[in-house]
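Q: Please take one residue in this model and look closely at its surroundings. Then work outwards from there, for someone who has not met the structure before.

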Amino acid sequence: MIEAILAIVVAASIYAILARDLLHGVIALSVTSVLSASIFFLASAPDVAITEAAVGAGLSTIIFVWAIRNTERTDRS
Amino acid sequence: MRRGKLLSAATGLAAASLALAVLAPVVMSDVDWPTAARDTIAADGYAATGATNLVSAIYLGYRAFDTLGETIVLLVALAGSVALVASTPGRPDLDRDGGPADSRGPGHTDIINVIAGKLAPIVLLFGTYVMLYGHTSPGGGFQGGVVLASGVIFIAIGRRAGGIGRISPSITAFGPRTLSVIEAIAFATVLALSFPGSGAALAGLIEATGASAGVAAKGVAAVGPIIALNIGIGLKVGSGVALLCVMMLGGDQE
């Protein structure tokens, strides 16, 4: 179970790095956070799971999306 | 272009091997994990702090000064971000309380309506629960504060799009000014509680009040300082993060 989730986490992280569309990258990052939170929960660390879900999937996504809105959406490099 | 890619690949490889060099000895060594601190806290944590959630017992009981330092780090980070956002042209200033008018904005959809009008109060309630019951159930000030901030952000998003639903306008008055006042008061509370002896004084006060009221507040007195710290940290984190996000959202409407 945990191995399968970890594999998806790695895949989503690689996609977040390589994505040309930055919004897609941010969504992949928040998927990573949600899955990490479920791993923490499965490892019986609910305190860390709540933090990861609230900060990683919630707040940092909002801040990233705001930054993309105010700059530009595609990676030019 | 090619050189840049090569350079970033080399940097990534160097970082990965550095991380491996640090982590591999930890994972591969056959020395036993240190257990002295773990066993002590597992045995005495409840008696020493009164918190059944041992994570709270550690970070607000045994290591409360670490938590104070963390709170200050967060305060500095938030102050820097808020200063950056506020100095960007076209941003609202701190004195303006409240967002744009309640007309239906271009971003108004049913989804926004549901999130802002119906989900936000539930999220605020859940955040309050996580904040208040950190000593017995998973959670605490930091987690509850961030959940509270999400609720305030939902309301701010709804107000931007003009979809507050049936929430009364007084509840949606989470303007930057109100939030910064709440943050200042909460941080002052946390600072006051960190003075030597103030935790014991608070516990004694709760015990005396309970005794005079004829209520045997069993266990509450001992855990009182942890609950108070949770509330202070929760309000401080919640209002600080919400302040940052509300200011960022408020600067967008042209």
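A: **One residue and its surroundings**

In this predicted model, B:Phe154 touches B:Ile115, B:Ala116, B:Leu119, B:Ala120 and B:Val123, once neighbours within four places in sequence are set aside.

The next step out is the core. B:Phe154 is one of the residues that touch the most other members of the largest nonpolar core, which has 52 residues. The others in that group are B:Ala149, B:Val152, B:Ile153, B:Ala242, B:Cys245 and B:Val246. Several helices supply at least two residues each to this core: in chain B they are H3 (54-62), H5 (110-132), H6, H7 (176-193) and H9, and they are joined by H3 of chain A. H9(B) has the largest share, with 18 residues.

The chain around B:Phe154 is helical, with nine helices and zero strands in chain B. Read from the N terminus, its elements run α-α-α-α-α-α-α-α-α. Of the 254 residues in chain B, 35% are buried. Among its contacts with a separation of 6 or more, 76% are between residues 24 or more positions apart.

One pair of neighbouring helices in chain B can be described in detail. The axes of H3(B) and H4(B), the latter covering residues 64-87, lie 4 Å apart at an angle of about 80°. The two helices are therefore roughly perpendicular to each other. H3(B) takes part in this contact through B:Tyr59, B:Leu60 and B:Gly61, and H4(B) through B:Ala64, B:Asp66 and B:Thr67. By class, three of the contact residues are nonpolar, two are polar and one is charged.

How many residues of chain B are in contact with chain A? The number is 15, and they meet eleven residues of chain A. Two helices give two or more residues to this side of chain B: H6 (141-161) and H9 (220-250). H6(B) gives the most, with seven residues. The side of chain B that touches chain A consists of eleven nonpolar residues, three polar ones and one charged one.

Across that contact lies chain A, which has three helices and zero strands. Its elements run α-α-α from the N terminus on. The C-alpha trace of chain A spans about 40 × 25 × 10 Å along its principal axes. Buried residues account for 19% of its 77 residues. Of its contacts between residues at least 6 apart in sequence, 51% join residues at least 24 apart.

The helices of chain A can be taken in order. H1(A), residues 2-18, packs against H2(A) at an angle of about 160°, with the axes 8 Å apart. That angle makes H1(A) roughly antiparallel to H2(A). The crossing of H1(A) past H2(A) is left-handed. From H1(A) the contact uses residues including A:Ile5, A:Val9, A:Ala12 and A:Ala16, and from H2(A) it uses residues including A:Leu29, A:Thr32, A:Leu35, A:Ser36 and A:Ile39. The contact holds 14 nonpolar and five polar residues, and no charged ones.

H2(A), residues 22-42, also packs against H3(A), residues 46-70, where the axes come within 7 Å and cross at roughly 175°. H2(A) is therefore roughly antiparallel to H3(A). On the H2(A) side the residues include A:Leu23, A:Val26, A:Ser36, A:Ala37 and A:Phe40, and on the H3(A) side they include A:Ala49, A:Glu52, A:Gly56, A:Ala57 and A:Val65. This contact divides into 15 nonpolar residues, five polar and one charged.

A:Ser36, in helix H2 of chain A, shows how these contacts look from a single position. Apart from neighbours within four places in sequence, A:Ser36 is in contact with A:Val9, A:Glu52 and A:Gly56. A:Gly56 is 20 residues away from A:Ser36 along the chain, yet their C-alpha atoms are separated by 9.3 Å. Is A:Ser36 buried, partly exposed or exposed? A:Ser36 is partly exposed, because 19 other C-beta atoms lie within 10 Å, whereas a buried residue needs 20 or more.

To return to the starting point, B:Phe154 has B:Leu119 among its contacts, and the core that B:Phe154 belongs to also draws residues from H3 of chain A.

Definitions and conventions:
Residues numbered from 1 in each chain as written. Chains lettered and ligands numbered in written order. Predicted model: local features only at pLDDT ≥ 70, side-chain atom pairs only at ≥ 80, totals over all residues. Contact = placed C-beta atoms within 7 Å. Nonpolar A, V, L, I, M, F, W, Y, C, P; charged D, E, K, R; others polar. Axes fitted to C-alpha atoms, helices over the stretch in contact; angles between N-to-C directions. Parallel < 35°, antiparallel > 145°, perpendicular 65-115°, else oblique. Core = buried A, V, L, I, M, F, W, Y, C linked by C-beta atoms within 7 Å. Buried ≥ 20, exposed ≤ 12 C-beta atoms within 10 Å, placed from the backbone. Left-handed = near helix turned anticlockwise from the far one by under 90°.
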